[in-house]
Structure formats: C-alpha cells, structure tokens
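Thank you all for coming; I would like to walk through one structure this morning, and I will go from contacts between rings to charges and then to the interior. Please have the model open in front of you as I speak.

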Amino acid sequence: MFHPDLIRHPDNCPALVLNADYTPLSYYPLSVWPWQTAIKAVFLDRVDIVAHYERSVRSPTAEIKLPSVIALKQYVRPSAFPAFTRFNLFLRDRFACQYCGVGRDLTFDHVVPRAQGGRTTWENVVTACAPCNLKKGGRTPKQAHMPLYVEPIRPTNWHLQEHGRAFPPNYLHDTWHDWLYWDVELEA
C-alpha cells in the first residue's frame, strides 16, 4: 500500500526530539533535528527511536527507516530563563503590539526610553508595531498617553513554552501529536 512518507525527500523528514522524560525539549521553536543528525545520534547510542517515517535511507550494507520521534538517553535540564532575543520577546508578548494589540509590522520599544535612562532588559522592552513605536517616540507610555496592555516581565522558559503552544509549527507529522499534546484536556 502507498504511504505519503515514501515520496517524501529525506530532507523533509525531521525528527522530533524528546528529553529523557519523553517531553519535548522545546515547543516553540519546536525541537527538531535533521534526519542526518538523528541517524548519527542513533548510531552513537545517544537516543532511542520512539517512532519512524515509512521513508528509508540506504547505505551499501544497511537500510534504516528515518526516525520521526527520538528520545534522548541522558536528561537535559532546561535552563530556568530564556535568552533575551527579539524572537523570545515577541513570543513573551504573543506576537502582538503591547500598545494596540496589532500583530503585524512588529518591532520592539523601550518602555522608559534609553534617552531617559531606560535599559535594554526584559522589564523595560515590549513588542510594538511600527506605527505605535513611532507615535510613542522618546516618551514613556504615561507621557504619550499610551498604556501598556501588560507590564513587561522577565519570563521563564516554562512561560515561553506555554505561549508557544498557541503558535503551532507549520509541519507536524502524525507521529508527533501524542508527544506534543499529551497534556491537553480530552473532549468528552
């Protein structure tokens, strides 16, 4: 019987990476490895194969089905706090301007402008759309009469993981669903 995985190019067969406790290393961005890295980790005995694609790769002496879900053998302790990056800032703020709620033409804004002594920290930078950023200019939200939807905080990795679940990746193989959504409330 024909299976869609059989016509899939190996480069389109990433492996979902689970920690040793079978939870995803990261939800957003989703922790995936290219097929070559996954195969190498299998041969180095660093991971267990949990599920595989129907697609295989061959060498002169072996054939192996490409792993679609792998679990690390050694637990990787996640860091408590994420790096301060533009992407993580947007994720913390759910990809929405913190002044008007729009989700396009996003940039970032210093709540207390640097010209007034504001620093580039989690607690002083928010996601803003370009028009709001321009309108606010070098003023504080109070001076510009532009209240924030949510006061900025330093998020934890857990915080960002929870926000990331609201933004599913473009590609989810059928074998990944049980591992990504195991804690979702079931319908009656």
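Let me begin with the aromatic side chains, where the count comes to three aromatic pairs. Please keep in mind throughout that this is a predicted model, and that every value I quote is computed from it.

One of these pairs is formed by Phe84 and Trp122, which meet edge-to-face, with 4.9 Å from centre to centre and 75° between the planes. The two rings come from distant parts of the chain, since Phe84 sits in the loop between E4 and H2, whereas Trp122 belongs to the loop between E5 and strand E6 (125–129), 38 residues apart. Phe84 counts as partly exposed, because its relative accessibility is 35%, while Trp122, at 6%, counts as buried. In the pair of Phe87 and Phe95 the ring centres are 5.9 Å apart and the planes stand at 65°, so this pair is edge-to-face as well. Phe87 is partly exposed, with a relative accessible area of 33%, and ring pairs link Phe87, Phe90 and Phe95 into a cluster. A charged group also meets a ring here, for Arg154 lies over the face of Phe81, at 3.7 Å from the ring centre.

That brings me to the charged side chains, for which the count is six salt bridges. Asp45 and Lys73 meet through their side chains at 2.5 Å, N to O, and this pair links the loop between H1 and E3, which holds Asp45, with the loop between E4 and H2, which holds Lys73, 28 residues apart. Lys73 is partly exposed, at 36% relative accessibility. A second example is the salt bridge between Glu54 and Lys65, at 3.2 Å, N to O, which connects strand E3, the site of Glu54, with strand E4, the site of Lys65, eleven residues apart. Both partners count as partly exposed, Glu54 at 31% and Lys65 at 35%.

What, then, is the accessibility of Lys136, buried or exposed? Lys136 forms a salt bridge with Asp109, the closest N and O atoms being 3.1 Å apart, and since Lys136 lies in helix H3 (residues 130–136) and Asp109 in strand E5 (residues 106–110), the pair ties together parts that are 27 residues apart in sequence. Lys136 is in fact buried, with a relative accessible area of 0%, and Asp109, at 4%, counts as buried too. Salt bridges that share partners also join Asp45, Asp48 and Lys73 into one network.

Let me turn to the interior. The largest nonpolar core has 14 residues, of which Leu16, Leu66, Val69 and Trp176 touch the most other members. Two or more residues each are contributed by strand E1 (15–18), helix H1 (35–43), strand E3 (47–58) and strand E4 (63–72). Apart from this core lies another, of ten residues, among them Val111, Ala128, Ala144 and Leu148. Returning to Val69, its contacts beyond the neighbours within four places in sequence include Leu16, Asp48, Ile49, Trp176 and Trp179.

Helix H5 (residues 157–164) is mostly covered, with six of its eight residues buried, including His159, Leu160 and His163, and helix H2 (86–92) is part of what covers these buried residues.

Finally, the overall division: domain 1 takes in 10–79 + 168–179 and domain 2 takes in 86–144, with their C-alpha centres 37 Å apart.

Note on methods
Residues numbered from 1 in each chain as written. Predicted model: local features only at pLDDT ≥ 70, side-chain atom pairs only at ≥ 80, totals over all residues. Heavy atoms only, no water. Core = buried A, V, L, I, M, F, W, Y, C linked by side-chain atoms within 4.5 Å. Buried < 20%, exposed > 50% of the residue type's maximum accessible area, 1.4 Å probe, protein only. Helix = DSSP H or I, 4+ residues; strand = E, 2+ residues; numbered from the N terminus. Contact = heavy atoms within 4.5 Å. Domains from an automatic or database assignment. Salt bridge = Lys/Arg side-chain N within 4 Å of Asp/Glu carboxyl O. Phe/Tyr/Trp six-rings, centres within 6.5 Å; stacked < 30°, edge-to-face > 60°. Lys NZ or Arg CZ within 6 Å of the ring centre and 35° of its normal.
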